[in-house]
Amino acid sequence: MTDQLPNAKAASLTPSELREVFGSNLRKLSQVSVSISQLCRDLGINRTQFNRYLSGESFPRPDVLHRICDFFGVDARILLEPVETLATGKQASTLFGHEELASFLGNTALQPDEHTFPSGFYRFSRPSFMEEGRFFQGLVSVYRRDGLTFMRGHEAKDAMRQQGLPCDPKTREFRGFVMQQMGGIATLISRKNTQTTSFNFLARIPAFESNYWLGFTVRTVPEGEAGRRVARQVYQYLGRETGPVLEAARASGICNVEDLPPFHRAQLRLSTPFT
C-alpha cells in the first residue's frame, strides 16, 4: 500500500472538498462492517473521532490513515477520488476479463444480480471442520464494487486458536468473490496472505420469502489433513437491519447443535451424510 498522493490532483481540491471525498469513501467502506462501534474497536479509533471523519469534519493523522487504508485494502487515494475507481477492484476485474478467461470467467459469468444474491449481511451455519459434533455460526457481508461482487467476514476466534494462529480482527478477516452459477452462486474465499482457499456453492431455498440459501463448502487441504474437508452449510439473508445483524454477530463462533437456529438445523440434515 502507498500513502503518496498525486500532487496535481490534490492541489485541485480544497481542504473542505478533500474531507468530503474522504468522508463519503469511508462511509461506503464501512458498510461491510457489522457496526460502526465494532469497526472502531477493530481499528483502534475513538468513536467520536471516527464520526468526525465520516461527516467530513476532519482528516485522520497519517498513521491513522495508514491503519484505515490497510484494514480496508485500499490506498490513500481515498482522499481524492471515489472508492469505486480505485485500482484494487479494477485489478480483479482485469483478471477475469483477460482474453484467456473472458469467455469462461468473464464479467457476465461472474455477476449475480441483486435479486439473485442481494447485498447486505448473511448469517451462516455449518458443521465444524475441526471438532466432530460441533458447529460453526458466522456472519458475512456481500457488497458490490467495480462491477464485481465480493464477500467479507471473520473466522471464529476459537477456530484460530485451535490452529495456533493470532486472533486479532486483521488476521481473522477473510474475503472472496461471488460468481453466478447454474442454479445458484459460488464463492472463492481466503484469509489475507494465505495459500488456503474455501469453495462454496449455494442455491436459494424456495421458501421463507426466499431469504435462505443451502449448499456446501470445501476446504483446499490435503486428504490426510485433520478434520473434515467438505460440509453442508446454510445462509440466511439479514439485510442491513441492526438488530438481527448484531444478534448474529454475538452468536458467531463454535457452538453446539442446540445453539443453531431451528431452521438452520433442519436444513443441515444432520442425520443424513453429505454425498
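Author: Let's start with helices: a helix here is a DSSP run of H or I with at least four residues, and the helices are numbered from the N terminus. With that in hand, S30 is placed in helix α2. Keep in mind that this is a predicted model.

Reader: Fine. How many helices and strands does the protein chain have?

Author: The count for the protein chain is 12 helices and nine strands. Of its 275 residues, 43% are buried. Among contacts with a separation of 6 or more, 55% are between residues 24 or more positions apart.

Reader: And the surface? What share of the accessible surface belongs to carbon and sulfur atoms?

Author: That share is 53%, out of an accessible surface of about 14,200 Å² for the protein chain.

Reader: Back to S30, then. Is S30 buried or exposed?

Author: The cut-off to use is that buried means under 20% relative accessible area. S30 has 7% relative accessibility, so it counts as buried. If you skip the neighbours within four places in sequence, S30 touches I36, L39, F50, L54 and F72.

Reader: F72 makes me think of rings. How do I read an aromatic pair?

Author: A pair of aromatic rings is described by two things, the distance of the centres and the angle of the planes. In this structure the count comes to 15 aromatic pairs. Take F22 and Y53: their centres are 6.3 Å apart, their planes make an angle of 70°, and the pair is edge-to-face.

Reader: Which parts of the chain does that pair tie together?

Author: F22 belongs to helix α2 (residues 15-30) and Y53 to helix α4 (residues 47-54), so the pair links parts that are 31 residues apart in sequence. Both F22 and Y53 are buried.

Reader: Can you show me a stacked one?

Author: Sure, look at F117 and Y122, a stacked pair with 4.7 Å centre to centre and 20° between the planes. F117 is buried at a relative accessible area of 0%, and Y122, at 0% relative accessibility, counts as buried too.

Reader: Which aromatic cluster do F117 and Y122 belong to?

Author: One cluster takes in F117, Y122, F124, F136, W213, Y235 and Y237.

Reader: Rings can also have a charge over them. Where does R219 lie?

Author: Over the face of F129, with 5.1 Å to the ring centre.

Reader: What about empty space inside? How many cavities of 30 Å³ or more does the structure hold?

Author: One. The largest cavity has a volume of about 40 Å³. If you want to find it on screen, its lining is L29, V32, F72, Y143, R145, R152 and R175. You've met F72 already, as one of the contacts of S30.

Reader: Last topic, the backbone. Which value does phi of N193 take?

Author: Phi of N193 is near 60°, a positive value in a residue other than glycine. N193 sits in the loop between β5 (184-191) and β6 (198-204). For its surroundings, the cut-off is that exposed means over 50% relative accessible area. N193 has 77%, so it is exposed.

Reader: And where is R269 found?

Author: R269 is in the segment after α12 (262-267). Its phi is near 45°, again positive in a residue other than glycine. With a relative accessible area of 43%, R269 is partly exposed.

How values were computed:
Residues are numbered from 1 along each chain as its sequence is written. This is a predicted model: local features need pLDDT of at least 70, side-chain atom pairs count only at pLDDT 80 or more; totals for chains, interfaces and linings use all residues. Side-chain values use heavy atoms; hydrogens and water are left out. Helices (H or I, at least four residues) and strands (E, at least two) are DSSP runs, numbered from the N terminus. Buried means under 20% relative accessible area, exposed over 50%, partly exposed in between (1.4 Å probe, protein chains only). Contact means heavy atoms within 4.5 Å. Accessible areas come from the Shrake-Rupley method with a 1.4 Å probe; for residues, only the protein chains shown count as cover. Rings of Phe, Tyr and Trp (its six-membered ring) pair if their centres lie within 6.5 Å; planes under 30 degrees apart count as stacked, over 60 as edge-to-face and the rest as tilted. A charge sits over a ring if NZ of Lys or CZ of Arg is within 6 Å of the ring centre and within 35 degrees of the ring normal. On a 1 Å grid over the protein atoms alone, a cavity is a set of points where a 1.4 Å probe fits but cannot get out, and a pocket is an open set with protein on both sides within 12 Å along at least five of seven lines; lining residues have an atom within 4 Å of a point. Grid points are joined across faces, edges and corners, and a volume is the space filled by probe spheres set on the points.
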